[in-house]
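Student: Could we look at this protein together? I would like to practise reading strands and surfaces.
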Amino acid sequence: YFHRNIFGLYKSYSVEYLDSSGNRLRKVLSYFDPVADSSKKIKKAPEQQEIKFTRKDRLSRIRSLKIDTLTATGLIKVGSFSKGHLPHFFKRSFKKIKKAHVNNVIIDVRNNGGGDINNFVSLARYIRNSNFRVADTAASIAKNFRPYNKYIKANFFDRPGLFFLSRKGKDNCYHFGFWEKKLFRPRRANHFNGHTYVVTNGLTFSASSLFCSSVKGQPDVTLVGEETGGGWHGNSGIVIPDIVLPHTKLRVRLPFFRLVQYDHVSHNGKGVLPDIEVRPTVSDVINNVDRKMEVVKELIKDTRQ
C-alpha cells in the first residue's frame with residue numbers, strides 16, 4: 001500500500017531475488033487485481049509482459065475526468081493529493097463540466113492516501129458554498145528536535161515552514177497560523193452548483209479526509225461508501241519528514257503538526273462518516289461489482305425521475 005502511494009500502480013513489476021542457491025534472478029510479474037478473474041487469462045512470457053507507460057498513462061492513474069452526456073454526470077477520480085498538477089486539472093475539469101451542463105458530479109477519493117493541503121483546498125473551493133478554513137488548530141510541540149535533528153531528513157521547504165511560519169502560543173505549542181487563520185472562499189468561475197457525490201472507503205486518508213469533512217453537511221453533497229481512515233476530528237501532518245534510524249537505517253515518517261479540522265467534531269476516534277454507508281461484500285468482490293458506484297448511479301437516477 002505504501003509503495004503504491006509513493007510510486008503508483010503499474011501493469012508489471014520487475015523483481016530481483018536470490019534463490020535457494022544464492023543466485024540472483026529477475027522476473028517480471030504482472031499486477032494482480034484481486035477483483036478480476038485471472039484464472040481465465042492466458043499467461044504470457046515475462047518478456048512479453050513488460051509495458052512502458054507514457055506520462056499521460058501515469059497521470060490518468062492519479063486523476064481523471066469522464067463526462068456522461070446522456071445522464072449529465074461527471075466522474076472525477078482523485079487517487080492522490082500529492083502530485084498530478086491538480087489545481088490545473090481541477091480548473092480544466094470544472095470548466096468542461098460547466099460547458100457540458102453537468103447536473104451531477106461524482107468525486108471518487110477511494111484509496112486516496114492524502115498529500116498537499118493546497119490541493120484539497122483547490123478542489124473544495126469548487127464544491128463548497130461557504131467560506132472555510134483548513135484547521136482550528138495546527139500546532140507542533142517544538143520547533144526543533146535536538147539532538148536528533150541529524151536523523152531527520154526534512155525537505156528544503158519544510159524547515160522554513162517550521163521555523164519561520166509557526167509562532168509559540170499560550171499552550172506552549174508552535175502554531176502554523178496560516179492554516180488556522182487563512183479564510184478560503186468558494187470559486188466564482190466554474191463553481192459547481194449541482195449535486196455532488198463523494199465516494200469514500202477505509203483507505204481515504206489525511207488530506208482526502210480533510211476534503212470530505214470540508215464538504216460534508218452541505219445540502220447538495222452526499223458522501224457514499226465507508227468511514228474514512230483519516231480522522232474526522234483531526235490528523236497529523238503538514239510537515240512530514242523522514243527519519244533514518246542510525247543503526248538499522250530503517251526509514252520512518254514523522255508528522256510534526258497536530259491538525260484539528262475546521263469546525264471539527266468531538267474527539268471520538270472515528271473517521272469521516274458517510275451519509276449513505278455501503279460496505280463491500282464477498283459476492284461483489286467475486287463478481288467484480290463496484291457496489292458503491294452502483295448506489296451512486298441509483299441515487300442520480302432517482303433524482304432524474
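Student: How many of the five residues of strand S15 are buried?

Tutor: Happy to help, and keep in mind that this is a predicted model. A residue counts as buried when its relative accessible area is under 20%. Strand S15, residues 257-261, is mostly covered, and its number of buried residues is four.

Student: Which residue in S15 is the bridge partner of Thr137?

Tutor: Let's start with the strands. Strand S6, residues 135-140, pairs with S15 in the antiparallel sense over four bridges. Within S15, the partner of Thr137 is Val260.

Student: And which residue in S15 is the bridge partner of Asn235?

Tutor: Here we turn to strand S12, residues 234-237, which runs antiparallel to S15 and is joined to it by four bridges. The bridge from Asn235 leads to Leu259.

Student: What holds paired strands of a sheet together?

Tutor: Good thing to ask! The pairing can be either parallel or antiparallel, and in general strands of a sheet are linked through backbone hydrogen bonds.

Student: Which strands are the edge strands of the open sheet with the order S7-S13-S14?

Tutor: This open sheet has three strands, with antiparallel pairing. An edge strand pairs on one side only. That description fits strand S7 (152-153) and strand S14 (251-253).

Student: Which residue in S14 stands opposite Asp242?

Tutor: Strand S13, residues 242-244, runs antiparallel to S14, and three bridges join them. Facing Asp242 across this pairing is Arg253.

Student: Now for the surface: which strands give two or more residues to the nonpolar patch?

Tutor: First, meet the members of the patch: Val15, Tyr17, Leu25 and Leu29, which make a nonpolar area of about 300 Å². The elements that each supply two or more residues are strand S1 (12-18) and strand S2 (24-30).

Student: Does Leu29 count as buried, partly exposed or exposed, and why?

Tutor: Leu29 lies in strand S2. Partly exposed covers the range between under 20% and over 50%. Because its relative accessibility is 45%, Leu29 counts as partly exposed.

Student: Is Lys95 buried or exposed?

Tutor: Lys95 sits in helix H4, residues 86-99. It belongs to a surface patch of positive charge, where it gathers with Lys91, Lys99 and Arg187. The cut-off for exposed is over 50%, and since Lys95 has 57% relative accessibility, it counts as exposed.

Notes
Residues are numbered from 1 along each chain as its sequence is written. This is a predicted model: local features need pLDDT of at least 70, side-chain atom pairs count only at pLDDT 80 or more; totals for chains, interfaces and linings use all residues. Side-chain values use heavy atoms; hydrogens and water are left out. Patches are made of residues with over 30% relative accessible area and no salt bridge: like charges are joined within 9 Å, nonpolar side chains (Val, Leu, Ile, Met, Phe, Trp, Tyr) within 5 Å. Accessible areas come from the Shrake-Rupley method with a 1.4 Å probe; for residues, only the protein chains shown count as cover. A salt bridge is a side-chain nitrogen of Lys or Arg within 4 Å of a carboxyl oxygen of Asp or Glu. Lys and Arg count as positive and Asp and Glu as negative; His and the chain ends are not counted. The place of a charge is taken as NZ of Lys, CZ of Arg, CG of Asp or CD of Glu. Buried means under 20% relative accessible area, exposed over 50%, partly exposed in between (1.4 Å probe, protein chains only). Two strands pair if DSSP finds at least two bridges between them.
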